[in-house]
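Q: I am new to this structure and would like to be guided through it. Could we look at it piece by piece?

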Amino acid sequence: MTADYPDLIAETALSVAGLTDYIRFLLEQDEELQRVWVTGEVSSKSHHRSGLFFTLQDPNGGAAIKCVAWNSQLAKLAQIPVPGEQLIILGSIRLYPQRGEYQLSVWQALPAGVGLQALRLQQLRKRLEAEGFFEPQRKRSLPRHPQAIAVVTSPTAAAWGDIQKTLKHRYPGLHVIFSPATVQGEQAPESIVKAIQRVEQDGRAEVLILSRGGGAVEELACFNDERVVRAVACCSIPVISGIGHQRDESLVDLVADASVHTPTAAAERVVPAVAELYTQHRQRVVALHQSVHSCLKTSQNQIQEMRNRLRRLRLDRQMQQEMQELSWKRQQLVRATTTQLQQATQHVEMLRQKLATLDPKAVLQRGYAVVRQQNGAIASGGALPIARSAAELAVGEELLIQLGQGEVKVKVIEVKE
């Protein structure tokens, strides 16, 4: 057959080099192949003087491509290829005429899957650290006796119940401002940022608790989100994080002014216990009494010593003068100690009255009353809502009035705003 088409064969036949050059031109000039991302599993590798050669293949073994990372690029790789690992490779296609093979010239290698997430988290952490977000000197101290605190967490989570219970037990009468947020899933970062902004706009809270219960790493991903980290760092009031029973710290833990491992621990850290405050006060009172008693005892010993000296000298007149002086000093000491005891007693009474004012029942005993709406939405804790304004009431509406002794059910017959 070749004898029948000698001219056609002579004009169209290509040399091996010509065909290879043509294929190389097609591959290396293709814009898609000049910068291409490829994912696969490293199946083999070998080191040479010029660089690292390895093979990248599909997990199912259906296809493979040879790769090379030259020595000039090895130090820049985020992940050195290891057989059996999943990688994401950035590189360009090159064809080598001598072997008639093409391979991927590697610029960068990144871990795939969880490894990639860890790498991104590490890069974000380094960037925030370079901006000074984790510096100890930028962290603020928490207020010792806050009167109003804010809590940002999920309204349906157990963490919110634990915080409420702990705060009520440790510091009755504390004003708690709840700003609900979603703390898991794709919507969580934006929800948390908005919850923090609401607290700042409200302006009453002196400290903010950002919290949620335990969970898997992926469930706590929102606390490593850059938007949430920056919102915590830029918050106008101190922030304490109490995020979940996890061994590893989140970026929010690192940037918060204080961090603990559970929501309950956050509530315990943010307020003191009233019982502990009372115990400390009693200890100070006892110490004051002991100091006064010691001072009196020392003075009495000094007086007795002077009496003995006068008795030995047998100088009645001088003894009388000394006794008068000592009597005058004793009166001064008694007056001084009496004044100190009166001041201490007044201080004790003031603290007792202050503690008494924290008891809601004491307010009712003074003649005040609490008016609750029976038709309103049930508040948290199962209590009827408190009527705070005449504008909230309607004629004919039934109200429950709680007095110092008992309760009274009444009906509104007239409303005056």
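A: Let us begin with a pair of strands. Strand 1 (residues 36-47) runs antiparallel to strand 2, and six bridges join them. Please keep in mind throughout that this is a predicted model.

Q: Which residue of strand 2 stands opposite Lys45?

A: Phe54 in strand 2 is the residue opposite Lys45.

Q: And how many residues does the hairpin use to join strand 1 to strand 2?

A: The hairpin that joins strand 1 to strand 2 passes through three residues.

Q: Is strand 2 mostly covered or mostly uncovered?

A: Strand 2 (residues 51-57) is mostly covered, with five of its seven residues buried.

Q: In which sense does strand 2 pair with strand 3?

A: Strand 2 pairs with strand 3 (residues 64-70) in the antiparallel sense, over seven bridges. Within that pairing, Thr55 has Lys66 in strand 3 as its bridge partner.

Q: What holds paired strands together in general?

A: Strands of a sheet pair through backbone hydrogen bonds, in a parallel or an antiparallel way.

Q: Let us change topic to the five-strand sheet. In what order do its strands come?

A: The order is 7-6-8-9-10, in an open sheet with parallel pairing. At its edges are strand 7 (175-180) and strand 10 (258-260), each of which pairs on one side only. From one strand to the next, the twist averages 20°.

Q: How many bridges join strand 6 to strand 8?

A: Four bridges join strand 6 (residues 148-153) to strand 8 (residues 207-212), and the two run parallel. Ala150 stands opposite Leu208 in strand 8.

Q: Which strands does helix 7 touch?

A: Helix 7 packs on this sheet and touches strand 6, strand 7 and strand 8. The direction of helix 7 makes about 145° with that of strand 7.

Q: What about helix 10, which strands does it lie across?

A: Helix 10 lies across strand 6, strand 8, strand 9 (239-243) and strand 10, and runs at about 165° to strand 8.

Q: Back to helix 7, then. At what angle do the axes of helix 7 and helix 8 cross?

A: The axes of helix 7 (residues 188-202) and helix 8 (residues 226-233) cross at roughly 15° and come within 8 Å. That crossing angle makes helix 7 roughly parallel to helix 8. The crossing in which helix 7 passes helix 8 is left-handed.

Q: Which residues meet there?

A: From helix 7, Pro189, Ile192, Val193 and Ile196 meet Arg227, Val228, Ala231 and Val232 of helix 8. The residues of this contact divide into seven nonpolar, no polar and one charged.

Q: And helix 6 with helix 10, at what angle do they cross?

A: The axes of helix 6 (residues 158-170) and helix 10 (residues 263-270) come within 8 Å and cross at roughly 30°. The two helices are therefore roughly parallel to each other. The crossing of helix 6 and helix 10 is right-handed.

Q: Which residues make that contact?

A: Helix 6 contributes Ala159, Asp162, Ile163, Thr166, Leu167 and Arg170, while helix 10 contributes Pro263, Thr264, Ala267, Glu268 and Val270. The contact of helix 6 with helix 10 has six nonpolar, two polar and three charged residues.

Q: Another topic: where is Gln346?

A: Gln346 lies in helix 12 (residues 316-357).

Q: Why does Gln346 count as exposed?

A: Gln346 counts as exposed because its relative accessibility is 56%, and the class begins over 50%. From C-alpha to C-alpha, Gln346 is 75 Å from Ile88 in space, and the two are 258 residues apart in sequence.

Q: Finally, what is the order of the three-strand sheet?

A: It is an open sheet in the order 11-12-13, with antiparallel pairing. Strand 11 (370-373) and strand 13 (407-411) are the edge strands, each pairing on one side only. The twist averages 30° from one strand to the next.

Q: How many bridges are there between strand 11 and strand 12?

A: Strand 11 and strand 12 pair over four bridges in the antiparallel sense, and Arg372 stands opposite Leu400 in strand 12.

Q: And which residue in the turn between strand 12 and strand 13 has a positive phi?

A: Gly406 has a positive phi of about 90°, in a hairpin with four residues between strand 12 and strand 13. Five bridges join strand 12 (residues 398-402) to strand 13, and these strands run antiparallel. Among the bridge partners in strand 13 are Val410 for Leu399 and Glu407 for Gln402.

Notes:
Residues numbered from 1 in each chain as written. Predicted model: local features only at pLDDT ≥ 70, side-chain atom pairs only at ≥ 80, totals over all residues. Heavy atoms only, no water. Pairing = 2+ DSSP bridges. Axes fitted to C-alpha atoms, helices over the stretch in contact; angles between N-to-C directions. Parallel < 35°, antiparallel > 145°, perpendicular 65-115°, else oblique. Left-handed = near helix turned anticlockwise from the far one by under 90°. Contact = heavy atoms within 4.5 Å. Nonpolar A, V, L, I, M, F, W, Y, C, P; charged D, E, K, R; others polar. Buried < 20%, exposed > 50% of the residue type's maximum accessible area, 1.4 Å probe, protein only.
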